Amino acid sequence: MIRWMIVIFLALLLISWFTPLLNKLGFGRLPGDFRFRLFGREWFIPLTTTLILSGAASLIARWL
């Protein structure tokens with residue numbers, strides 16, 4: 001269980017590190033990414049970005 005906690009921590013660390021770079025490349029502003037305000041809070045649902053990054057990760061995993 002501790003191994004999964006370490007993996008999740010590292011994944012969140014990498015995501016937070018790469019988020020500004022991905023925003024500069026245009027990810028997060030694609031046509032299927034939803035950003036809206038509800039109850040005074042901004043919500044973000046990156047559907048298209050998630051699909052593209054998941055496909056890229058799948059291709060890299062298959063290649064390795």
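Which element gives the largest share of the lining of the largest pocket? The answer is in the first of these close-ups, and the model behind every view is a predicted one.

**View 1. The largest pocket and its lining.** H1 comes out ahead here, with seven residues, the largest share of the lining of the largest pocket. The pocket itself has a volume of about 360 Å³. Its lining counts 15 residues, and Ile15, Thr19, Leu22, Thr49 and Leu53 are the ones that lie nearest the centre. H1 doesn't do the job alone: E2 and helix H2 (47–63), like H1, each put at least two residues into the lining.

**View 2. A nonpolar patch on the surface.** Zoom in on Met1, Ile2, Met5, Ile6, Phe9, Leu10 and Leu13, and you're looking at a nonpolar patch with about 800 Å² of accessible area together. Take Leu13 from that set: it sits in helix H1, which covers residues 2–25. Leu13 is partly exposed, as its relative accessible area comes to 45%. Patch members need over 30% relative accessible area, so Leu13, at 45%, clears that cut-off.

**View 3. The hairpin of E1 and E2.** Strand E1 (residues 33–38) and strand E2 (residues 41–46) run antiparallel, joined by six bridges. At the turn end of the picture, look for Leu38, whose bridge partner in E2 is Arg41. Two residues lie between the strands of this hairpin, and Phe39 takes a positive phi near 60 degrees. If you're following side chains along a regular strand, remember that they alternate between the two faces of the sheet.

Technical notes. Residues are numbered from 1 along each chain as its sequence is written. This is a predicted model: local features need pLDDT of at least 70, side-chain atom pairs count only at pLDDT 80 or more; totals for chains, interfaces and linings use all residues. Side-chain values use heavy atoms; hydrogens and water are left out. Patches are made of residues with over 30% relative accessible area and no salt bridge: like charges are joined within 9 Å, nonpolar side chains (Val, Leu, Ile, Met, Phe, Trp, Tyr) within 5 Å. Accessible areas come from the Shrake-Rupley method with a 1.4 Å probe; for residues, only the protein chains shown count as cover. A salt bridge is a side-chain nitrogen of Lys or Arg within 4 Å of a carboxyl oxygen of Asp or Glu. Helices (H or I, at least four residues) and strands (E, at least two) are DSSP runs, numbered from the N terminus. Buried means under 20% relative accessible area, exposed over 50%, partly exposed in between (1.4 Å probe, protein chains only). Two strands pair if DSSP finds at least two bridges between them. On a 1 Å grid over the protein atoms alone, a cavity is a set of points where a 1.4 Å probe fits but cannot get out, and a pocket is an open set with protein on both sides within 12 Å along at least five of seven lines; lining residues have an atom within 4 Å of a point. Grid points are joined across faces, edges and corners, and a volume is the space filled by probe spheres set on the points.
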